[in-house]
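Good morning, colleagues. Today I should like to walk through the nonpolar cores and the nonpolar surface of one chain.

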Amino acid sequence: MTIEEIQARKECQTFDCKSIQIAPKALAIPIVAMANADGGVLAIGVSDKTRRIEGIDGNDERLNELLRVPFDFCNPSVKVRCEYLPCTDYSGKENRILLMHIPASGQLHTNQADECFMRVGDKSKKLNFDERMQLLYDKGERYYEDKDVYGATIDDIDMTLVNDYISVIGYGKSGMEYLRENNDFVIEADGQQKVSTACILLFGKNPQRFFPRARTRFIRYEGKEEKVGRDMNGIKDVTFEGAILQQVRSTISYLETHVATTQSTPYKRWLSIVAVTEPTTSKAPRYR
């Protein structure tokens, strides 16, 4: 990247200019935002408003502060790569520009105030709680299944299902010990017992109370393709609820019977099974 390219290039998702006079705390925002998105380059020593080449020489104290920003003001630290580009500043003197190369990170980063930003276009957008959680899921640092279910308690768990499961896998302790000691199914937090999404979906007495669309749906159509409107050809639509294993067993049992009936008919039918397990919020990931 040359000085001419820096002056001509518009600020965007992966490029931004900052004055050498920028405060360290302020510089942490675009660094965190780019690391949380697609990465990018910060050209320090160039006015972001006028694109005037200020350079960094003669500002040793501020430069040292800015070089520490990825470590001192970003959590966790962002592993940037620094490059110095020779230039002639606006006063005609020989100077340098600092190019800070920021890689896209597999982790979620925040600034020193525990605020999370993401680069969107030419802006560093501050994320709200839901957006921050979604970013955690997207980066694989946290899984939706591990999230505690609001309002769920131990009483919502069917211990018969738990005991059946631990009997199959040969777990030597009690069902409650299994839930407390494995996969964070049940944890103690803030003086309360928290029950995870996975626990409710696997062992809940009524998972659909918390996740109305966590169900398996069987659809049977007349003919070879799905039609809508006046030509709608759905002739069978059955929904199975309960815990995941209960749904699977019920669906397989129903399907085996239904397929046997279909094979005896003189015409072909198209069978479709749609298994849906998804949360009630549209911002969370879906599993199909």
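A patch, as the term is used here, consists of residues with over 30% relative accessible area and no salt bridge, with nonpolar side chains (Val, Leu, Ile, Met, Phe, Trp, Tyr) joined within 5 Å and like charges within 9 Å. A salt bridge is a Lys or Arg side-chain nitrogen within 4 Å of an Asp or Glu carboxyl oxygen. Areas follow the Shrake-Rupley method with a 1.4 Å probe, and for residues only the protein chains shown count as cover.

The model is predicted: local features need pLDDT of at least 70 and side-chain atom pairs pLDDT 80 or more, while totals for chains, interfaces and linings use all residues. Residues are numbered from 1 along each chain as its sequence is written, and side-chain values use heavy atoms, without hydrogens or water.

L202, I244, L245, V248 and I252 form a nonpolar patch of about 380 Å². Helix α9 (residues 244-263; helices are DSSP runs of H or I, at least four residues) supplies its largest share, four residues. I252, in α9, is partly exposed at 45% relative accessible area (between buried, under 20%, and exposed, over 50%; 1.4 Å probe, protein chains only).

Turning inward, the largest nonpolar core (buried Ala, Val, Leu, Ile, Met, Phe, Trp, Tyr and Cys joined through side-chain atoms within 4.5 Å) has 22 residues. Within this core, L27, I31, L42, I44 and V69 touch the most other members. Its largest share, seven residues, comes from α2. Beyond four places in sequence, I31 has contacts (heavy atoms within 4.5 Å) that include L42, V69, M100 and I102.

Terms used: Helices (H or I, at least four residues) and strands (E, at least two) are DSSP runs, numbered from the N terminus.
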